[in-house]
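Biologist: Got a minute to go through this one with me? I'd like to poke at the packing and the odd corners.

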Amino acid sequence: MFNNVTSFKGTQVRFNAWLLKVARYGTETMMKEYIRLTNIAFGVKEIAPPVFLLDEIQTLCRPTNVLSSFWIDGTPRNHSRLSLLLTQLAGNLKPVCICTGTNSGNIISIEKAAILPQVLSLTPLVSEYGEFWTQLTAYSNRGSSQHSAIKMDADEDLINALVYASYQIPRLLWVAHSVWFDLMKQGTASNREFYIQAFELEAINYYGEMVQILETFTTEEVAHILLACGVHWTVKNEASNVPGTTIPWVTLIQKSVVFPYLDGCYLFPFTLVWRVARSPHTLKEEVIKRCAQLIPNLDVRDLFISFDTLCSWEIYNLGVGYETLFSSSLAVKYYLRSISTENTSGYFSFPAIYDISHSDEATFNIMSDYEVNFSHGISLPTHEVFTNADDLGFTIVNNRNIHDAHHDLILPARTKLGKLNIAVQAKASLDLSDKKTIAKQLLVSPDTSDRVQQLFLLYLGETRREQLFDSIVFLDGSGCCNGLALDFIILVKKLRSANQK
């Protein structure tokens, strides 16, 4: 993997002669030479230990035939290429080593060494991705001076979309920028949705080794990891276990299996794994089947909407996808909450499964009046169900099989005064419906004047409008859906608007 270093040719004879000589050095001598040159460059005489930032260590986490001093269950373990390299450097130099990248996480510890080959997630360090993008654009422009400089003007939504699609993983951010810069330079892709599709293809090819998760964990474990990362599930303590497993969150973080997103939630790069993984294919089918057993009628793939799938949907299908994402996420949140507490009644206060800020007092107070029990998962009727239906059981009723249903979802609930059915209408739009349309939604059905007791109006725009309408709570799905899926839907709407302009 270092062939490109030893075969590199510079423009100066003196440099090439130096490189040829250094290539013959031993490890410690070579490092001392790098330290000497660094001190000259910065005009210092520094004797502090060097710091190594090793990215893409998955390429080094491969076994060797060299025995280490590390034992497991009475059996000596061979070094990995990484642990052997770090052991060789640990003699007099005692470097500090930070390792990042996707990997199996099974890195051999080095006994009595002055280094800790611990895998760290650097995702939080790239929160200032705007500056990262700016600097990388300036650097790329210098490297392609024969072309007109690429500017970031008026591309904020597209750049945000690429950042979201990269899971904010540093190396994938670089891949995203590379795709964006090359397509901008070519000037051949005027459709901004194409940029995301091109990036996803590159990312899938680039991080193919992520499929190892399907060989590392059991069906039950993978199923619960997907469920917990597929919804808005806040991890308050990284030492706690993923619900339904004995796997601590910190283990998945350190193995670069999951990545932090918003509000203490973690994302699993589902698209990168599921599309590439062909072996063992049966495990993928087993995971999907197991999730549907845990939550009846759930297709776990509905929680992870890829950008190119969204781009292929027309307006109606986008709306169906939005309501399906919401109903699936709500059912999963209920399941995770039920296995994480000792509640024996089966009922939870609505804010326990749909996170609502206490600062949003009006919404919180309304939602707190309702208790729900979705222990039977999701119902997909073939005939439209209205809020005046009797005994809907313990399911989320999704009317998606009925074209242009009056209400997309029906949520059975109870209050201190008795039982009721909450109507939910989803609109995959940034704009609120007009008052006449909303007034119709407040009716039990199109051919009655009876009003629903409660309507949840689900849309992507501003949600704090309770003061404008009675019996309505405005939601966007962020309290139960995973943030990336919602961000993708919002960005598709914005990019399509930009394309039309």
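**Rings, cavities and odd corners**

Modeller: Sure, let's begin with two rings: Tyr 334 and Phe 348 are both buried. Bear in mind that this is a predicted model.

Biologist: Okay, the big picture before more rings. How many helices and strands are in the chain?

Modeller: The chain has 19 helices and 14 strands.

Biologist: And what share of the residues counts as buried?

Modeller: Of its 501 residues, 49% count as buried. As for contacts between residues at least 6 apart in sequence, 62% join residues at least 24 apart.

Biologist: Back to rings, then. How many aromatic pairs does the structure hold?

Modeller: There are 11 aromatic pairs. One of them is Phe 270 with Phe 304, which is stacked, at 4.5 Å centre to centre and 10 degrees between the planes.

Biologist: Which parts does that pair tie together?

Modeller: Phe 270 belongs to helix H12, while Phe 304 is in the loop between helix H13 (281-294) and helix H14 (307-312), so the pair links parts that are 34 residues apart in sequence.

Biologist: Is Phe 270 buried or exposed? And Phe 304, buried or exposed?

Modeller: Phe 270 is buried because its relative accessible area is 6%, under the 20% cut-off. Phe 304 is buried too, with a relative accessible area of 12%.

Biologist: Now the two you opened with. Why is the pair of Tyr 334 and Phe 348 edge-to-face?

Modeller: The ring centres of Tyr 334 and Phe 348 are 5.5 Å apart and the planes are at 85 degrees, so the pair counts as edge-to-face. Planes over 60 degrees apart get that label. Tyr 334 is in helix H15 (residues 315-340) and Phe 348 is in strand E7 (residues 348-349), so this pair ties together parts 14 residues apart in sequence.

Biologist: Which residues form an aromatic cluster?

Modeller: Phe 15, Trp 18 and Tyr 34 form one.

Biologist: And what sits over the ring of Tyr 347?

Modeller: The charged end of Arg 414 does, 3.6 Å from the centre of the Tyr 347 ring.

Biologist: Switching to holes. How many cavities of 30 Å³ or more are there?

Modeller: The count is two. The largest cavity holds about 160 Å³ of space.

Biologist: What lines the largest cavity?

Modeller: It has 19 lining residues, and those nearest its centre are Tyr 167, Thr 271, Ile 305, Leu 484 and Phe 488. By class, the lining has 15 nonpolar, three polar and one charged residues.

Biologist: Which helices supply at least two residues each to that lining?

Modeller: Helix H8 (192-206), helix H12 (270-274) and helix H19 (483-500).

Biologist: Okay, long-range stuff. Where does Leu 158 lie, and how far is Leu 158 from Leu 491 in space?

Modeller: Leu 158 is in helix H6 (residues 156-165). From C-alpha to C-alpha, Leu 158 and Leu 491 are 7.8 Å apart, with their places 333 residues apart in sequence. Leu 158 counts as buried, at 1% relative accessibility.

Biologist: What is Leu 158 in contact with?

Modeller: Setting aside neighbours within four places in sequence, Leu 158 contacts Trp 180, Arg 192, Tyr 195, Ile 196 and Leu 495.

Biologist: And Ile 315, buried or exposed?

Modeller: Exposed, because the relative accessibility of Ile 315 is 66%, over the 50% cut-off. Ile 315 is in helix H15. The C-alpha atoms of Ile 315 and Lys 493 are separated by 9.6 Å, although the two are 178 residues apart along the chain.

Biologist: Where is Thr 387 found, and what does Thr 387 touch?

Modeller: Thr 387 is in the loop between strand E9 (378-379) and strand E10 (396-398). Thr 387 is buried, at 11% relative accessible area. Not counting residues up to four places away in sequence, Thr 387 touches His 407, Ile 410, Asn 421, Ile 422, Ala 423, Val 444 and Val 452.

Biologist: Last topic, backbone. What is phi of Asn 297?

Modeller: Phi of Asn 297 is near 70 degrees, a positive value in a residue other than glycine. Most residues other than glycine have a negative phi. Asn 297 lies in the loop between H13 and H14, and it is partly exposed, at 47% relative accessible area.

Biologist: What about phi of Asp 391?

Modeller: Asp 391 has a positive phi of about 45 degrees, and it is not a glycine either. Asp 391 is in the loop between E9 and E10 and counts as exposed, at 74% relative accessibility.

How values were computed: Residues numbered from 1 in each chain as written. Predicted model: local features only at pLDDT ≥ 70, side-chain atom pairs only at ≥ 80, totals over all residues. Heavy atoms only, no water. 1 Å grid on protein atoms, 1.4 Å probe; cavity = no way out; pocket = protein on both sides within 12 Å on 5 of 7 lines; lining within 4 Å. Points joined across faces, edges and corners; volume = space filled by probe spheres on them. Helix = DSSP H or I, 4+ residues; strand = E, 2+ residues; numbered from the N terminus. Nonpolar A, V, L, I, M, F, W, Y, C, P; charged D, E, K, R; others polar. Phe/Tyr/Trp six-rings, centres within 6.5 Å; stacked < 30°, edge-to-face > 60°. Buried < 20%, exposed > 50% of the residue type's maximum accessible area, 1.4 Å probe, protein only. Lys NZ or Arg CZ within 6 Å of the ring centre and 35° of its normal. Contact = heavy atoms within 4.5 Å.
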